[in-house]
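Visitor: Please take one part of this model and go through it closely. I want strand order, helix packing and the residues that meet.

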Amino acid sequence: MNSLATMRVESLIVGKQQMRKEIILFVTLVSLLAILLVSLLVGMSEDAKFFSQYFVWLYGINLVVGAVLLLVIIVLVVTLTIRWRQRYFGTRLIAKLAMIFGLVGVLPGAILYSVSLQFVGRSIDTWFNVNVESALEAGLNLGRYSFEVGQEDFLERGLALSILAHKKNARNSEELSKLCTVMPVDSVELINQDGKVLASHFCNSTEPSQSRQYLELIPITRQIGRGVMLETLGNASQIESYQYTALYLLPTKTFLKLTRHLPPLIVEEAKTVQQAYSDYQEKTLSRQGLRKMYIGSLTLTMFLALFVAILLALILGRQLAQPLLMLLKGTQAVAQGDLSPKPEINTKDELGMLTRQFNNMTKQISEARQSLQEAKEFSESVLANLTAGVCVLDSNYCLVVANDGANRILERDLSDLIGKPLSFAPELRFFEETIRESFKSNMVSVGEVETDSERVHSDRIPDAKSSWQRQIALYDLTQTDVELSPLLLARGTELLGKQFIIVFDDITDVIAAQRSQAWGEVAQRLAHEIKNPLTPIQLSADRIYQKLTGKLTPEQEEIIFKGTNTIIAQVQAMKSMVNNFRDFAKQSKSKMQALDLNKLILEVMGLYEDHHITLDLDPKCPLLIGDPTQLRQVIHNILQNALDAANEIHSDPDIQIRTELVSYEGLKNKSENVVRLSVADNGPGFSPRILSRAFEPYITSKMKGTGLGLAVVKKIVDEHGARIELKNRMKDQLISGARISILFENLA
Amino acid sequence: MAEGIKLRQFSFEPVEKSWTISASYTVELPAELVEAIKKGIPFYFVTELQITRGRWYWFEEKLIQTNKNIRLSYQPLTQQYRISTEGFTYSANSISEALIQIGAIGGWQVADLAILENGQTYQGAMRMRLDLTKLPKPFQINALNTRDWTVLSDWHQFTITPKARATK
């Protein structure tokens with residue numbers, strides 16, 4: 001669930017990044033376009049033809065781009081706001097950074113913009129001046145007036161020439177040429193009523209003008225006899241010169257046309273004045289447009305700058321915030337236990353260092369955790385492989401943890417008791433009570449013990465105040481139905497944090513061994529002490545008999561004989577018993593050699609030919625290392641026991657002797673061989689009380705017997721490094737006999 | 001105010017070896033523009049003509065596409081209007097006179113006779129408009145913002161089917 005969500009978030013993030021990349025690309029393109037457009041717009045001031053042609057388009061596109069930029073900014077800001085409202089992770093940081101960068105970009109831009117706006121407005125206004133305008137107007141009027149004066153003057157002077165022309169009746173160009181000398185004119189022409197040129201003469205070698213504007217003069221000339229005009233010569237876009245054209249109606253109903261070019265200097269001056277006037281007027285008219293154009297360019301540039309600033313702010317803000325966000329995500333992941341390495345930022349600055357350090361930290365944490373885990377596993381495996389049982393209980397004596405040793409010793413799997421008191425299992429109630437009592441009494445005594453001298457006498461370990469150690473029985477032996485209980489040596493310690501640890505070991509075997517050893521010592525001492533007076537007793541009895549024989553009455557003799565015989569026989573018996581004891585206790589020296597167990601059994605069988613004994617001998621049994629005499633004794637003892645047991649309830653005992661080669665997988669996967677000898681009978685089996693202590697001397701189920709048989713067997717088996725096991729044979733929940741098995745591990 | 005450009009007369013006829021257009025427009029300008037002209041700003045009028053033949057399998061085929069440019073300027077010194085088109089220059093003393101001259105298109109030779117085949121039907125369209133792109137820049141911006149400055153005629157659509165003539 002969690003991982004699914006994480007994955008979705010990641011895919012979302014990836015998607016967002018992709019989208020963001022596209023946005024950045026788009027925005028970059030738009031910005032570039034805008035820069036290009038603005039530079040073109042500004043470049044317009046230089047009157048390039050290409051630009052003029054597409055100026056309107058350019059201006060429109062610029063406006064559109066500006067609108068798009070504004071839209072993008074609005075979208076970005078709105079998105080950021082929405083995310084802010086949704087508390088989207090990391091938005092606050094990005095927004096804050098974006099705001100700071102935006103402010104840094106926008107504020108100077110805004111100041112510059114407002115100043116420029118003012119400046120543009122003012123500077124455009126300063127171009128226009130009433131004085132300049134009136135001066136230009138005056139110049140124009142002056143020119144106009146001088147032209148008018150000039151053309152009137154030309155008309156007046158031409159009148160004389162027209163009269164002369166009429167007098168001379170000039171009709172062709174040759175005659176007209178004579179008129180050139182009268183006054184300075186450029187051309188003299190005769191024109192008919194329709195305006196067609198009848199004859200013409202050009203006084204100067206200057207090019208004749210093809211202008212037909214004089215036609216306009218014909219109506220007025222026809223009315224008042226003369227007319228004059230100023231003709232403008234030149235092509236479509238440029239004025240080349242001006243000329244006076246005068247028309248006179250001759251009495252012959254034809255027109256005389258006189259033209260004269262204005263001096264080039266005046267033409268130039270006039271042109272300049274007109275051009276300046278036109279330019280000025282144009283500028284006056286276009287004032288609004290100009291202002292719009294400059295302000296538009298400025299605004300667009302401002303928008304672009306603003307946009308780029310905000311965009312940079314968003315991108316840079318993101319870039320700055322990204323490592324922090326990554327760190328934040330990383331810490332969240334670490335808090336949730338994910339110690340995998342996080343992506344790093346490959347920059348050489350502090351932020352990159354920060355992410356690298358963070359990864360180092362998580363790596364160290366993970367290593368520390370790993371080593372902790374290993375240490376824990378190690379101690380757990382040590383704990384599990386301890387033969388001693390270890391249980392940790394909490395303050396309410398509920399089980400916290402128990403090892404395999406505890407399971408084995410308490411003869412129960414404790415894993416289902418974790419979190420519950422031990423008494424949850426009825427058989428452990430007594431055990432728990434004992435432990436509680438021990439801890440309680442320990443606590444009390446801890447409170448009492450103050451001085452060192454007292455502490456020495458106390459039963460506890462002096463160094464650990466809260467520890468106790470005592471020997472306890474697992475089951476309550478006072479209960480009638482409990483015959484047998486393992487003995488435990490338990491040590492309890494109160495841990496910090498109100499927990500208790502109990503370490504215990506099954507010392508039943510140890511105690512048995514101690515008992516056996518103690519018994520041996522006693523037996524040896526007793527044998528020695530008893531044996532010494534036996535020989536004098538025997539000799540004394542013998543002597544009494546010999547000395548008194550023949551000196552007494554036959555009846556008395558009879559009594560003496562019987563009495564001394566009894567003494568001697570009993571002493572003899574006592575001697576042999578003491579010898580037995582001594583033999584058991586004595587450290588016998590075994591002579592180890594390779595021997596064939598099967599052969600040994602067959603030898604022993606010679607003595608039991610009249611009994612029903614089934615042999616099942618494995619011929620594959622290898623030779624083993626042992627003392628033949630002692631082993632013979634072992635077989636004897638066991639067989640005797642079996643026969644005795646079987647004879648108790650059967651007239652026809654059934655004894656089985658079996659040897660077999662057993663293979664098992666030992667250390668390093670090497671298969672190892674052992675030889676097992678087992679003797680089974682169909683007797684009554686062992687009672688539980690006997691079963692646990694059968695190998696101790698003087699423990700017997702037989703009516704008569706020293707109880708040394710199995711003790712001797714155990715001793716010999718131990719000396720051979722073999723293992724012995726006693727078991728009841730079960731058949732349908734009923735004891736159907738007993739089986740003794742010996743495992744010989746020392747093979748030749 | 002009936003501002004704008006309206007077609008009064010139109011003919012598209014073969015004259016000698018060329019297809020020739022004779023047309024007459026009534027050109028009326030808004031006061032603002034007249035004012036601008038009187039301040040000495042040159043105005044440009046353009047007459048656009050195109051003759052196409054419909055093709056069922058593709059876009060129309062453009063056979064003739066031609067423009068006629070007219071420049072109108074005012075000379076404050078001489079207080080005259082100058083109208084120049086294709087090398088010819090006229091002058092007029094008043095704006096209305098000038099506009100009549102601009103509107104009168106006579107003998108505009110647009111194409112050789114051979115370009116249009118006999119018996120075929122062609123579509124033609126013609127209009128006259130104020131060419132704003134040739135105005136000074138600030139005026140163009142004004143023109144963008146104000147509708148007044150957009151002075152143009154509707155497209156005049158016509159069809160023509162040249163007939164074989166037994167001339168010469």
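Guide: What follows is a close look at one sheet of chain A and the helices beside it.

This is a predicted model: local features need pLDDT (the predictor's confidence in each residue, from 0 to 100) of at least 70, side-chain atom pairs count only at pLDDT 80 or more, and totals for chains, interfaces and linings use all residues. Residues are numbered from 1 along each chain as its sequence is written, while chains are lettered from A and ligands numbered from 1 in the order in which they are written. The predictor gives the complex an ipTM of 0.72 and a pTM of 0.48.

Start with the sheet. It is open and has five strands in chain A, ordered β12-β14-β15-β17-β16, with mixed pairing. Strands here are DSSP runs of E, at least two residues long, and helices are runs of H or I, at least four residues long, each numbered from the N terminus. Two strands pair if DSSP finds at least two bridges between them. The edges belong to β12 (613-616) and β16 (723-731) of chain A; each has a single partner strand, so one side of each lacks a neighbour in the sheet. Neighbouring strands are turned by 25° against each other on average, with direction ignored.

Now the pair β15 and β17. Strand β15 (residues 671-680) of chain A runs antiparallel to strand β17 (residues 734-744) of chain A, over six bridges. Ser678(A) faces Ser741(A) of β17(A).

A helix lies against this sheet. α15(A) packs on it and touches β12, β14 (655-665) and β15 of chain A. The direction of α15(A) makes about 170° with that of β14(A). Such angles run from 0 to 180 degrees between N-to-C directions; axes are lines fitted to C-alpha atoms, for helices over the stretch in contact.

Next, follow α15 to its helix partner. Helix α15 (residues 597-605) and helix α16 (residues 628-649), both of chain A, have axes that come within 10 Å and cross at roughly 60°. α15(A) and α16(A) are therefore oblique to each other. The scale is this: under 35 degrees is roughly parallel, over 145 roughly antiparallel, 65 to 115 roughly perpendicular, and the rest oblique. The crossing of α15(A) past α16(A) is right-handed. That word applies if the near helix is turned clockwise from the far one by less than a right angle; anticlockwise makes it left-handed.

Which residues of α15(A) meet α16(A)? Leu600(A), Ile601(A) and Val604(A) meet Pro628(A), Leu631(A), Arg632(A), Ile635(A) and His636(A) of α16(A). By class, this contact has six nonpolar residues, one polar and one charged. Contact requires C-beta atoms, placed from the backbone, within 7 Å. Nonpolar covers Ala, Val, Leu, Ile, Met, Phe, Trp, Tyr, Cys and Pro; charged covers Asp, Glu, Lys and Arg; the others, Gly among them, are polar.

α16(A) also meets helix α18 (residues 709-719) of chain A: their axes come within 9 Å and cross at roughly 145°. The crossing of α16(A) and α18(A) is left-handed. From α16(A) come Gln630(A), Gln633(A), Val634(A), Asn637(A), Ile638(A), Gln640(A) and Asn641(A). They meet Gly709(A), Leu710(A), Val712(A), Val713(A), Ile716(A) and Val717(A) of α18(A). The contact of α16(A) with α18(A) divides into seven nonpolar, six polar and no charged residues.

Note on methods
Two residues are in contact if their C-beta atoms, placed from the backbone, lie within 7 Å.
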